[in-house]
Amino acid sequence: MEKMNFKNVIVGWGKGGKTLAKFLAERGESVAVIEASPKMYGGTCINIACIPSKYLIVRSERGMDFADAAAQKATFIAGLNHKNYHNLADEESVTVINGRARFVANHELEVTAGTDKVRVVAERLFINTGAKPVLPELLGLVGNPDVLTSTELLDLKEQPKKLAIIGAGYISLEFASMFVDYGSEVAVFDVREEFLAREDRDLADRVKSDLEARGVSFHAPVELQEIREKTLFYKQNDATHHFKFDKLLVATGRKANTENLGLENTSIQLNTRGEIIVNDILETTAAQVWAIGDVHGGAQFTYTSLDDFRILKNQLYGDKSRRLSDRGAVPTSVFIRPTLSSVGLNEQAAQALDKPYRLFKLATSAIVKANVLGEPQGLLKALVDPETDEILGAMIYASESHELINLLSLAIKAKIPYGMIRDQIFTHPTISEGLNDLFADANEVK
Ligand SMILES: Cc1cc2nc3c(=O)[nH]c(=O)nc-3n(C[C@H](O)[C@H](O)[C@H](O)COP(=O)(O)OP(=O)(O)OC[C@H]3O[C@@H](n4cnc5c(N)ncnc54)[C@H](O)[C@@H]3O)c2cc1C
Ligand SMILES: NC(=O)c1ccc[n+]([C@@H]2O[C@H](COP(=O)([O-])OP(=O)(O)OC[C@H]3O[C@@H](n4cnc5c(N)ncnc54)[C@H](O)[C@@H]3O)[C@@H](O)[C@H]2O)c1
């Protein structure tokens with residue numbers, strides 16, 4: 001069997017890994033990137049997750065027809081995939097190896113593509129294999145052609161008229177918000193009673209009632225019983241109900257992609273959730289082997305995978321000052337309508353930590369731009385440290401909050417006192433100028 005040797009090998013074309021590969025290539029180091037599927041050049045985000053979903057979401061909000069949006073999306077994503085491939089493959093010192101990698105030893109992999117096999121030996125190894133959907137154990141789920149994960153749903157060419165969704169997390173809410181805008185009937189089922197459990201109740205309740213007002217129905221807590229062809233049977237309040245669907249989306253979380261990776265042949269250890277154990281600088285339990293992105297657990301975002309790259313770059317070529325533990329508050333955005341974004345501590349987290357806070361609240365309807373946009377629904381909240389005046393956390397449920405939250409994230413990191421944002425000049429009319437008002441004395445909740 002052919003044996004290839006490289007200084008650096010990256011397993012999986014994830015966000016952090018592809019950025020690292022480019023960086024290493026620009027330094028002239030030999031790099032191999034092993035990717036299981038040509039459809040995934042560029043990784044999960046651009047091919048089957050963030051980008052295709054946001055492409056379709058934006059067009060649903062513009063009133064576009066689903067089939068047209070889906071066709072345009074397919075062309076757009078094919079272009080991104082192509083661009084991502086060439087971004088690495090055209091580098092002189094990069095070798096793209098097509099096939100599924102499996103460890104045979106700490107620094108040796110066997111890569112299989114059809115009947116072809118090669119051995120790849122690496123001085124330094126970076127595991128960036130991402131995550132995959134968790135499927136609940138439910139009779140009739142596996143093998144049902146109308147039961148889909150987000151990957152297959154994003155590939156549909158025709159709009160499902162009736163969409164059932166199992167799970168009420170990030171993926172579910174984004175798809176629910178999008179498909180009601182395309183005109184589908186959407187019903188969401190969750191085993192957990194509490195909606196968006198990590199959010200403060202005032203915000204979560206508003207998100208739920210706004211989605212309900214737009215036509216999404218929520219059923220929780222339910223006990224899922226079985227799926228028979230295009231019908232979901234579930235129990236709620238001791239009675240059995242059913243929902244007939246065209247397509248059913250399973251969105252019950254994603255788990256680290258470590259199965260069948262041959263890690264039993266190495267000293268790379270997993271935790272009980274099957275995630276690769278890493279230390280504060282992303283080293284696994286094997287020397288000269290690192291893990292990047294979803295595969296090592298924690299927050300599952302493209303931008304945290306990218307930040308893993310920054311840590312590795314700093315640790316391997318910089319002043320070794322960056323680590324996971326200095327990442328600070330990671331902002332998040334759920335791309336529903338309007339967007340729900342947050343960073344840092346919310347009220348329930350502050351209370352759990354016994355952390356004193358001053359609370360500021362503003363209804364989105366008080367921001368003129370939100371009314372101009374025709375999206376006055378929503379709420380802004382911020383927590384401030386009573387001693388230092390620093391912002392502890394912010395939650396914005398308003399149009400364009402996915403942009404605004406990054407400004408607040410920076411303010412938290414830079415320890416900017418809230419008064420500076422209250423008195424900052426912002427352009428008009430914008431959603432950002434709402435921050436002048438949010439932090440005004442009159443909006444402090446005593
Ligand atoms: C529907 C959806 C929407 C999302 N929206 C957002 C969003 O808006 N914003 C956001 O930040 N995050 C979003 N996420 C999460 C985000 O997509 C992931 O957190 C991110 O892509 C993880 O990147 P990664 O670097 O860990 O690896 P990935 O990008 O997941 O890359 C892993 C790669 O490894 C390959 N691979 C796996 N096993 C092997 C093997 N044995 N051999 C060779 N190759 C292998 C895979 O084919 C894949 O290409 C979304 C996720 C989903 C599912
Ligand atoms: N905008 C973004 O940044 C974005 C968008 C989509 C996904 N993502 C990432 O992808 C990850 C995965 O998303 P997700 O929505 O699959 O997971 P999630 O963890 O956000 O939500 C899973 C939901 O499924 C429910 N659930 C679990 N088991 C169930 C069962 N057996 N029956 C019914 N309900 C069940 C949970 O109660 C929860 O509400 C997210 O955690 C996020 O990190 C990010």
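# Two ligand shells, three domains and some odd backbone

Reader: Before I set anything up, which residues does the UniProt feature "domain: FAD/NAD(P)-binding" cover?
Author: Keep in mind that we're looking at a predicted model. The feature comes from an unreviewed UniProt entry. Over that stretch the chain is 29% helix and 29% strand, with the end C-alpha atoms 25 Å apart. The record puts "domain: FAD/NAD(P)-binding" at residues 7-304.

Reader: And where does UniProt put "domain: Pyridine nucleotide-disulphide oxidoreductase dimerisation"?
Author: This one is from an unreviewed entry too. The chain there is 30% helix and 25% strand, and its end C-alpha atoms sit 23 Å apart. The annotation covers residues 330-436.

Reader: Which element gives the most to the shell around ligand 1?
Author: There are 35 residues around ligand 1, and the nearest are Gly 12, Gly 14, Gly 43, Gly 130 and Gly 293. Elements giving two or more residues to that shell are α1, β2 (31-35), α2 (44-48), α3, β4 (100-105) and α8. By class you get 15 nonpolar, 16 polar and four charged residues. The top contributor, with three residues, is α8.

Reader: OK, now ligand 2: which element supplies the largest share of its shell?
Author: Ligand 2 has 23 residues around it, with Pro 136, Gly 167, Gly 169, Ile 171 and Gln 300 the closest. The class split is 12 nonpolar, seven polar and four charged. Both α6 (170-182) and β18 (332-334) chip in at least two residues. The largest share, four residues, comes from α6.

Reader: UniProt lists Lys 54 under "binding site"; is Lys 54 buried or exposed, or in between?
Author: The listing is from an unreviewed entry, and Lys 54 sits in helix α3 (residues 50-61). Its C-beta has 16 others within 10 Å. Buried takes 20 or more and exposed takes 12 or fewer, so Lys 54 comes out as partly exposed.

Reader: Asp 294 is on that "binding site" list as well, so is Asp 294 buried or exposed?
Author: Asp 294 lies in the loop between β17 (289-291) and α8 (302-317). Leaving out residues up to four places away in sequence, Asp 294 touches Gly 130, Ala 131, Arg 254, Ala 256, Gln 300 and Ser 305. Because Asp 294 has 29 C-beta neighbours inside 10 Å, it counts as buried.

Reader: How far apart are the C-alpha centres of domain 1 and domain 2?
Author: The domain assignment splits the chain into domain 1 (2-130 + 254-326), domain 2 (147-250) and domain 3 (332-438). For domain 1 and domain 2, the distance between C-alpha centres is 31 Å.

Reader: Then which element gives the most to the side of domain 1 that touches domain 2?
Author: That contact takes 10 residues from domain 1 and 10 residues from domain 2. On the domain 1 side, α3 and α4 (66-89) are the elements giving two or more residues. By class, the residues on that side are seven nonpolar, two polar and one charged. With six residues, the one that gives the most is α3.

Reader: At what angle do α1 and α4 pack?
Author: Lys 18, Ala 21 and Lys 22 in α1 meet Asn 84, Asn 87 and Leu 88 in α4. Those contact residues split into two nonpolar, two polar and two charged. The axes of α1 (residues 15-26) and α4 run 9 Å apart, at an angle of about 35°.

Reader: My force field checks will flag odd backbone, so what is the omega of the peptide bond joining Arg 337 and Pro 338?
Author: Most peptide bonds are trans. Pro 338 lies in the loop between β18 and β19 (340-344). The Arg 337 to Pro 338 bond is cis, with omega at about -5°.

Reader: What about the peptide bond from His 428 to Pro 429, what is omega there?
Author: Pro 429 is in the loop between α12 and α13. The bond from His 428 is cis, and omega is near 0°.

Reader: What phi does Leu 282 have?
Author: Most residues other than glycine have a negative phi. Leu 282 lies in the loop between β16 (254-256) and β17, and it counts as buried because it has 23 C-beta neighbours inside 10 Å. Although Leu 282 is not a glycine, its phi is positive, at about 70°.

How values were computed
Residues numbered from 1 in each chain as written. Chains lettered and ligands numbered in written order. Predicted model: local features only at pLDDT ≥ 70, side-chain atom pairs only at ≥ 80, totals over all residues. UniProt positions renumbered as here; feature names shortened; annotations may be inferred. Contact = placed C-beta atoms within 7 Å. Near = placed C-beta within 6 Å. Nonpolar A, V, L, I, M, F, W, Y, C, P; charged D, E, K, R; others polar. Domains from an automatic or database assignment. Axes fitted to C-alpha atoms, helices over the stretch in contact; angles between N-to-C directions.
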